[in-house]
Structure formats: structure tokens, C-alpha cells
Amino acid sequence: MHINQNKDNNKQTVKRVLVKMVKICCLGAGYVGGPTMAVIALKCPDVEVVVVDITSARINAWNSEQLPIYEPGLDDVVKESRGRNLFFSTDIEKHIGEADIVFVSVNTPTKTQGLGAGKAADLTYWESAARMIADVAKSDKIVVEKSTVPVKTAEAIEKILIHNSKGINFQILSNPEFLAEGTAIQDLFNPDRVLIGGRDTPEGKKAVQTLKEVYAHWVPEDRILTTNLWSAELSKLAANAFLAQRISSVNAISALCEATGANVSEVAYAVGKDARIGPKFLNASIGFGGSCFQKDILNLVYICECNGLPEVAQYWKSVIQINDYQKSRFVNRIVSSMFNTVANKKIAMLGFAFKKDTGDTRETPAIDVCNGLLGDKANICIYDPQVTQDQIERDLAMNKFDWDHPTHLQPTSPMAVKKQVTVSSDAYSATKDAHGVCIVTEWDEFKTLDFTRIYEGMQKPAFVFDGRNVVNPEKLRQIGFIVYSIGKPLDLWMKDMPAVA
Ligand SMILES: NC(=O)c1ccc[n+]([C@@H]2O[C@H](COP(=O)([O-])OP(=O)(O)OC[C@H]3O[C@@H](n4cnc5c(N)ncnc54)[C@H](O)[C@@H]3O)[C@@H](O)[C@H]2O)c1
């Protein structure tokens, strides 16, 4: 009996071994590729996932104790699967060659030169990834667009692959990523939807089904949406444009609140109570940042222009214009409140990341605020719980759009370290002897700072400019601060002072 049972077990083992393990390779070990693949590996123990990258420092970091990106919950997810069915490697050719499904999650920067400069997506990295896949593939592959790309990119990639296919069958799918940094792991565990676009052919449908089965390991089937390729590509750009538009809408209202004495938090609450509008993404602030919103809207604007839709292009462009307006309005408030000059004054900047719970600084409004204040000759001391001094210096030395290239290819100016900028390891030393404090990231720890201690250490009059509405202005005024909070009734000090951009 015992022996027979063993035989049965052996048979089952053989059967399981004979079912080929699905192999996934992901090109690009960044903010999207790393966390997304870590979650796929965790949820699909029967799938082997290898994440590859041309930046070896990034791969080394993924293989170390200090992961290259900060994201709540990410460490645990990686540790659970790394070395089991999750691997990080620089051997790109080998792993593409072995994979059944190749995700492409590489940089898609905004073009800085030539046709469409300043708006269109630069698909250099995408195209070289596609050519590499075509070069090394020896078996059929499903190629999945994970990067955000302009509509019809899949068609271009398909052409590159097919023209170099050597008889290999490539199916292209669009599977845009909707995670938000700071909550990426939660979003990946429990997505509102997974979107898969594919060709409406038998091979296309089979490829969609294969990818669907991967996600179906943990995502309920009714949340896995399938569309044609172009709808999937456009849905990603449209979703980001809608989100950014909400932020610009509430920020536009914040300027009107300051002019009229209304309180933007009260207005946003009342507006958001309408079930048709809803409460999310209605916090007034210095504006949106991050690697996606501006880039994706510029991309959308360019596509509209190319399709002969200038009015639609202008509509979306205005979302970015209001965002820029909000950032310069904030800088102007600071300067005009401090006797119209911040020259040689110490301004403490609390936060640098583009939002809380991430160390990501791409397109962070902090850079514009810094540059605005530096233009007025301020001395700035920055504290952010997750952003390193090296990163801050790189960001302030970079030209617009240069951030969206692999780290080792990012051009930086020789003036990398600006003398007027220092970086501090905590909020109290950053604010010591400062004339003003500006809050640019909504880190939770800023809500519980001892502002009496901060006030005592500062020059007087002491100013707080809250670009994220994290502090209680009334409490700070009681301590003695002059306070500016975006969209809130103005401090008497600021009434009648010009603050328009
Ligand atoms: N960050 C987000 O929140 C987010 C969300 C959704 C979509 N996206 C999109 O996903 C894509 C990737 O974004 P990200 O934030 O992960 O960028 P990232 O810069 O963090 O990562 C991209 C990685 O790709 C690597 N790379 C470039 N060319 C390569 C190649 N040929 N082979 C292998 N690796 C290569 C780079 O070295 C880099 O590490 C972009 O298109 C972005 O717009 C980003």
C-alpha cells in the first residue's frame, strides 16, 4: 500500500514536470518592472520570472538587501520569491531567449530634439528592446507593452519584430500599468482593473488568454478587461490625463479660494460628496509631479495635434499650464511675503519626493520650487526622509526631461553641486536659523513635528508655506508663525500682497 502510494506520487511529479513552466522575462528593472514582476512571482509560484536591465547597478541593488527603490511592502514581497522563482539579471539575451512572455518596461522619455521635441515620446529604448528581442528569439514569444507608449506603438513594434522574425511568431499585447507609487504593492495585489489589449485574430486571442491566466492567479476575472491594442494604449494615457485634470481643477479653484476667502478643503469636501464626482484626488497642492502625468499628457497633446485636433490638444495642454501656474504661484507667495526678496535667506524645504511614501523625485514640484527660489538667490536646506543628497544634487543639475533615461546615461551639468543648496538629515536641523519653511511633500512625519521647537530655532518673523496642506495653520499662528496654506483663507500678513504667477 505504502509502495503503491509512492508510485502514484512519482507519477504525479512526472506529470507536473512535463507541464512546461511558463517563463517570463521583463526588460527594465525600474519602478514598474521591479514591483510588478515581484508580485507576479509571488502570486504565481509556477511561473519563473527574470527581470533584466542594462543598468547593472540597478540589478545589483535588486539582488542586495538595499533595494533600488523605496515602496512600502516591497521588501517582503521580493524576499519571499527572490531565488525561488524571481531572479534579477544583466544577462538580457539569455533570458529573452528562454522566455515565453517578454514584458517591456523600459524608459519612454519625452523627445528633446527633432520632430515632436518637448511633447512626443522618444521610443529609442523601446525600439532597441524590440530589435534585441527579434535578434535573440529562437522560439515564439508574446511581447507585452508595459511601458506607457503613444497609441499605435504596438503596431510599430510589431513591424520591427515581424520584419526580423526569421519565421518566429510574435504576438504583441498592450498591458499598461496603473499602479501608483507609494501604494504600488497594494495596487498590484488588488488592482481596480487589469487591462490587456491584443489583436482580434486567433493567435492574438490565444496570447491574450495566456496573459489573462497569469493575472487570474490572484485577480478576479471580472477585473481583467480585454480590448483591442489601441484602446488599451489610449486608456492608459486617458486615465493619467483625467487624474491630472482633477488635480489641476482643484488647484485652479484654490487660487480663487485665496482671492475670495473661501477654504479649498471645505469646497473640495462639498464637491467630492457628490457621488458623481467622488472624493479622491481633490487635495489642493503645489501641483502634481512624478514620471507619468506630465509626460503622458504631453504625449496625448502631440497625438491630438498629429491627428488634426488642435482644440483637443489645447484642452489637455491647459492641465499642464495650470500645474506650472500653481508652482510659480507658490514661489511668488514665498518671495512676496518675505519683503519681496529671499536673497541670502535660509529657506528650509521639507520634502523633495514628488509625493509621500516614495523616494522618487522625477518631475517633483520640489525642483521647480528650488529653481524658483534659487533664481531669487535664496539658500535652501532640504530634508526628505527618503531622498539622498546625491539624488537631490543630480536632480538640480539636470535639464528638463533628462531624468527619464537609464541612470548611467543621464547627462548632468558639471555645476552638479549648487553652493546655495544643502541637505539635512532631519527636519529640526534643516529649519534651524531658517527664515522660512516650505513643505513640498506630504510625508506623515511632517504632521507631528514639534513646531514650537522649530519656531524657537528660526529667524523672526518666521514663515511656514505649506504646499501640501499638512499642518494646521491656526495652531501654527498661535505659536507665532506667519502661515500660508494653499487655498486657505490668507494670513493678515499676506492680504493685499501680489501672488499671481
Ligand atoms: N513609475 C510609474 O509609476 C509608472 C506607472 C505606469 C507606467 N509607467 C511607465 O512604465 C515605463 C517604465 O517606467 P519606470 O518608472 O519603471 O522607469 P524606470 O526608469 O524606473 O525603469 C526603466 C528601466 O529600463 C531600463 N532599460 C532601458 N532600456 C533597456 C533595455 N533595452 N533593456 C533592458 N532594460 C532597459 C533602464 O535601465 C531602467 O532601469 C515608462 O514607460 C513609464 O511611463 C510608469
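The following conversation goes through some local features of a predicted model and the definitions behind them.

Modeller: Residues are numbered from 1 along each chain as its sequence is written. Because this is a predicted model, local features need pLDDT of at least 70 and side-chain atom pairs count only at pLDDT 80 or more, while totals for chains, interfaces and linings use all residues.

Biologist: Why is Asp357 called buried or exposed?

Modeller: A residue is buried if 20 or more other C-beta atoms, placed from the backbone, lie within 10 Å of its own, exposed if 12 or fewer, and partly exposed in between. Asp357 has 20 other C-beta atoms within 10 Å, and is therefore buried. Asp357 also has a positive phi of about 65 degrees although it is not a glycine, and it is found in the loop between β9 (346-350) and α14 (365-375).

Biologist: What makes Phe281 buried, exposed or partly exposed?

Modeller: Phe281 has 16 other C-beta atoms within 10 Å, so it is called partly exposed. The phi of Phe281, which is not a glycine, is positive as well, near 60 degrees, and Phe281 sits in the loop between α11 (264-272) and α12 (293-306).

Biologist: How do you know where α9 begins and ends, and what span is expected of it?

Modeller: Helices (H or I, at least four residues) and strands (E, at least two) are DSSP runs, numbered from the N terminus, and α9 covers residues 202-215, which makes 14 residues. The expected span is 1.5 Å times one less than the number of residues; for α9 this is 20 Å, and the helix reaches 20 Å from its first C-alpha to its last, close to that expectation.

Biologist: Which residues of α9 are buried, and why are they placed on the same side?

Modeller: Ala207, Val208, Leu211 and Val214 are buried in α9. They cover an arc of only 115 degrees around the axis, so they lie on the same side of α9, the arc being that of the directions from the helix axis to the C-beta atoms. The face turned away from this buried side carries the exposed residues Pro202 and Lys206.

Biologist: What makes a residue part of the shell around the ligand?

Modeller: A residue counts as near a molecule if its C-beta atom, placed from the backbone, lies within 6 Å of it. In this model 28 residues surround the ligand, and the closest are Gly28, Gly30, Tyr31, Ser147 and Pro406. Helix α6 (residues 124-136) gives the most to the shell, with three residues.
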